[in-house]
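Colleague: I would like to go through this model with you and ask, term by term, how each label is earned. Please set the values beside the cut-offs as you answer.

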Amino acid sequence: MMSRNAETSHRFPAESSLATKLPFAFARDQQVLLEDGRLIVGPAVTQLGLREAQRRLGLVPDVDVQETDQAGFETALARIYNAGETDADTGTDPELLFDLEDSAANARQRDLLDDPGDAPVIQLVNRLLKRAVLNGASDLHVEPHEHGLRVRMRIDGFLQEVMDRPDVPVKRIVSRLKVMAGLDIAETRLPQDGRIPLTLGGRMIDTRVSSLPGHYGERIVLRILDRSAGLMPLTDLGLTRTQQTLLKRLSALPNGIILATGPTGAGKTTTLYSLLQLADRAERNIVTVEDPIEYDLPGISQSQINADIGMTFAAGLRATLRQDPDVILVGEIRDPETASVATQAALTGHLVFSSLHANSSIGAIVRLRDLGLDNFLIAATLRGVIAQRLLRKLCPDCRRPHQPTEDEADLFRRHGIAVPDVLYEPFGCDTCGGSGHSGRIGIFEMIEVGETLRAAIDRGATETEMKTHALGVSETLFGQGLTAAAAGTSSLTETLRVVGDVA
């Protein structure tokens, strides 16, 4: 056996042509690779692997033998066995490779390329998943239709077509995804839900899978969650300095309920996680009840909802109250029972973070009433509400300036914001892929429930009345969107699309 350093080279008998690669699973398990006239070995290379490599190489001299560490071997493995992915359907970094996690906690991870019998289908699914993750897509849609299969991914809130081909085996692709998600491939008449835990270059990717029967086959939608993504600091969310100060004050409260509201995909969970970062984890016991667990939070106990066995938000919340918590995060308040338990938790001295579907910060109070909570309970427990939306940011390389029209200027005046000298619109370039946008930023409408608003809630005031007590015109979501447009971060068109002129 050769001595192995992090990066060393040796000589080994070899053939002049090394076109034939070792089988993928063999190369991975025995830690031997053949590439372009050289042999690459990992730190756990076996005698079996070396003998097989020597047998394939023959007796022609002068072949490099490169020894590398585990990270270097995995990078080389990914590069060599994805070398053929250069077609238009790929668009990914060939050095990144997906692994499919085994269900057993101590089992070795399996790879999507392991099954040579279905290699074309597996590789196609593999490329689609990689492309979605590497492009930062939140969802991947696999849609059978009359003439074949269309695949789209949602990036920055917009669906973009990845593939639309008539020559792919639709049923086999759908079946492959269902097998990966642990779904019943024989059942094609009923909707099903599952999950695919993956890793990509060390990143933990959790994919939630939903199947829906359709006229031309089952439609599959995958929600992609990067569980190992770093949590965003408050400064990166798009918060103003005043809003950051308010959030820090709310997160330091000893009890009460703090809500994040907005439509699906507005970033509510990201905001709640950022709030948890403000809590002192050394002195406070923080417990979460989520569906799904989107990020791994060090020092925090996280529990997964499973409604099929009775682990609902309400049941999970009740159980956390017996865990001596100081701070509780409830993924969503979606029914009267969860709302009632959350209120009782706040009344008994706990700080509760949660999300709620409502169109505005004041609308959250109306929604709590709709869920059956009495006005005096809402007034006694609610401490603050954050309503948010996500605006697409303009690409700084190609945004185009223009003078505000009279109608545009009037929008700023009505909301008490100075009319900017110039506004920007998207154009499109190679940097942003022709979309004119690059990434997204949050806009926030925040209220702190003080004495005046608390009294209005207690007496059953209308939404309009409460709004006059809690928010200035420029503090609304639309006012914040106008501020982003005036700063050149986003466009006025994007603000009107996402928020609308609601003043």
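Colleague: What makes the meeting of the side chains of aspartate 206 and arginine 208 a salt bridge?

Modeller: Bear in mind that this is a predicted model. The N to O distance between the side chains of aspartate 206 and arginine 208 is 2.9 Å, and since a salt bridge asks for a side-chain nitrogen of Lys or Arg within 4 Å of a carboxyl oxygen of Asp or Glu, the pair qualifies. A search of the whole structure finds 18 salt bridges.

Colleague: Is aspartate 206 buried or exposed, and how do you know?

Modeller: Aspartate 206 has a relative accessible area of 1%, and because buried means under 20%, aspartate 206 is called buried. Its partner, arginine 208, has a value of 22%, which falls between the limits of 20% and 50%, so arginine 208 is partly exposed.

Colleague: Why is glutamate 406 called exposed?

Modeller: Its relative accessibility is 55%, and exposed means over 50%, so the label follows. Glutamate 406 forms a salt bridge with arginine 413, with the closest N and O atoms 3.1 Å apart, and arginine 413, at 47%, counts as partly exposed.

Colleague: Which parts does the salt bridge between glutamate 337 and arginine 318 tie together?

Modeller: Glutamate 337 lies in helix H9 and arginine 318 in helix H8, so the pair ties together parts that are 19 residues apart in sequence. The side chains meet at 3.0 Å, N to O.

Colleague: How do you know that arginine 389 has no salt bridge?

Modeller: The nearest side chain of opposite charge, that of glutamate 445, is 7.7 Å away, whereas a salt bridge needs a distance within 4 Å, so arginine 389, although buried, is left without one. The side chain of arginine 389 does, however, reach the backbone oxygen of asparagine 359 at 2.8 Å, and because the limit for a polar contact is 3.5 Å, that distance falls inside it. Arginine 389 is placed in strand S18.

Colleague: Why is cysteine 398 not counted in a disulfide?

Modeller: The nearest cysteine sulfur, that of cysteine 429, is 3.7 Å away, but a disulfide requires sulfur atoms within 2.5 Å, so cysteine 398 is in no disulfide. Cysteine 432 is in no disulfide either, the sulfur of cysteine 429 being 3.8 Å from its own. A search of the whole structure finds zero disulfides.

Key
Residues numbered from 1 in each chain as written. Predicted model: local features only at pLDDT ≥ 70, side-chain atom pairs only at ≥ 80, totals over all residues. Heavy atoms only, no water. Helix = DSSP H or I, 4+ residues; strand = E, 2+ residues; numbered from the N terminus. Buried < 20%, exposed > 50% of the residue type's maximum accessible area, 1.4 Å probe, protein only. Lys, Arg positive; Asp, Glu negative; His and termini not counted. Polar contact = N/O pair within 3.5 Å; in protein donor to acceptor, adjacent residues only side chain to side chain.
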